[in-house]
Amino acid sequence: MDEQFFTVQLEDGSEQRCKVIFTFDSDEHSYVLYSLVNNNNEESGDISALKYELDENGNMTNFTDIESEEEWDMVDEVMNTLIAEFDGAEDFFTISSEDDEEIVCEVLHRFKIEKYNKSYILYAYADQEEINEIFAAAYIAGEKGEVLELLPIETDEEWQYVEKELASLNNQE
């Protein structure tokens with residue numbers, strides 16, 4: 001796929017070149033995820049988003065800011081999905097809370113307990129600045145090692161193995 005670029009006019013009248021990372025549509029609008037590009041075509045690394053329309057030639061035009069919290073939530077969800085798919089998908093997965101909210105989790109450590117012939121993960125909520133709570137579960141892995149399904153840790157003996165693994169990690173720090 002060819003790289004796509006567009007230019008937006010800034011408040012001071014100057015123009016800023018932007019590289020398209022991803023575009024998507026909702027029922028009402030089209031959105032573009034982009035990064036700023038300098039004169040040497042180097043990306044800033046920061047990703048932002050705008051609404052846009054297509055002109056009669058199929059080019060992006062009429063860029064406008066995203067203003068509502070609902071739109072930003074949707075953009076964040078798309079970005080998190082992209083990050084999970086293309087940048088270490090095996091390190092992130094989502095679970096549903098009791099309120100049916102999607103929670104993005106990050107895998108902190110993987111290990112296997114041969115006695116039970118199961119794979120395990122230690123994980124935390126990905127949106128926290130500081131890890132306050134670490135969770136453990138057995139899991140079923142996909143082809144790339146991604147978490148397909150969490151399984152309960154069923155016995156006290158199994159928990160003891162998991163706790164030993166966690167303790168060994170804490171001793172390494």
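Two rings of Phe, Tyr or Trp are said to pair if their centres lie within 6.5 Å. The exercises below apply this and a few other cut-offs to a predicted model.

**Exercise 1. Aromatic rings**

Task: Find which residues ring pairs link into a cluster, and decide whether the pair of Phe-111 and Tyr-120 is stacked or edge-to-face.

Solution:
- Step 1. Following the ring pairs from residue to residue, one arrives at a cluster that holds Phe-6, Tyr-34, Tyr-52 and Phe-63.
- Step 2. Under the rule for pairing, the count comes to ten aromatic pairs, and one of them joins Phe-111 to Tyr-120, with the centres 5.4 Å apart and 15 degrees between the planes.
- Step 3. Planes under 30 degrees apart count as stacked, and the pair of Phe-111 and Tyr-120 is therefore a stacked one.
- Step 4. Both partners can also be classed by accessibility: Phe-111 is buried at a relative accessible area of 10%, and Tyr-120 is buried at 0%.

**Exercise 2. Ser-30 and its surroundings**

Task: Decide whether Ser-30 is buried or exposed, and find the side chain with which the side chain of Ser-30 makes a polar contact.

Solution:
- Step 1. Ser-30 belongs to strand β3, which covers residues 30-37.
- Step 2. Its relative accessibility is 18%, and because buried means under 20%, Ser-30 counts as buried.
- Step 3. Leaving aside residues up to four places away in sequence, Ser-30 touches Phe-24, Asp-25, Leu-50, Lys-51 and Tyr-52.
- Step 4. The polar contact is with the side chain of Asp-25, at 2.5 Å.

**Exercise 3. Lys-118 and its contacts**

Task: Work out where Lys-118 lies and which residues Lys-118 touches beyond those up to four places away in sequence.

Solution:
- Step 1. Lys-118 is placed in strand β8, residues 118-125.
- Step 2. With residues up to four places away left out, Lys-118 touches Phe-111, Lys-112, Ile-113, Ala-138, Pro-152, Glu-154 and Glu-158.
- Step 3. Ala-138 is 20 residues from Lys-118 in sequence, while the C-alpha to C-alpha distance between the two is 6.5 Å.
- Step 4. With Glu-158, the contact includes a polar one between the two side chains, at 3.2 Å.

**Exercise 4. A nonpolar patch**

Task: Name the residues that make the nonpolar surface patch of about 230 Å², and class Ile-47 by its accessibility.

Solution:
- Step 1. The patch is made by Ile-21, Phe-22 and Ile-47.
- Step 2. Of these, Ile-47 lies in strand β4, residues 43-54.
- Step 3. Ile-47 has a relative accessible area of 44%, and since the range between 20% and 50% is called partly exposed, that is the class of Ile-47.

Note on methods: Residues numbered from 1 in each chain as written. Predicted model: local features only at pLDDT ≥ 70, side-chain atom pairs only at ≥ 80, totals over all residues. Heavy atoms only, no water. Patch = residues over 30% accessible without salt bridge, like charges linked within 9 Å, V, L, I, M, F, W, Y side chains within 5 Å. Areas by Shrake-Rupley, 256 points an atom, 1.4 Å probe, with all protein chains shown as cover. Salt bridge = Lys/Arg side-chain N within 4 Å of Asp/Glu carboxyl O. Helix = DSSP H or I, 4+ residues; strand = E, 2+ residues; numbered from the N terminus. Buried < 20%, exposed > 50% of the residue type's maximum accessible area, 1.4 Å probe, protein only. Polar contact = N/O pair within 3.5 Å; in protein donor to acceptor, adjacent residues only side chain to side chain. Contact = heavy atoms within 4.5 Å. Phe/Tyr/Trp six-rings, centres within 6.5 Å; stacked < 30°, edge-to-face > 60°.
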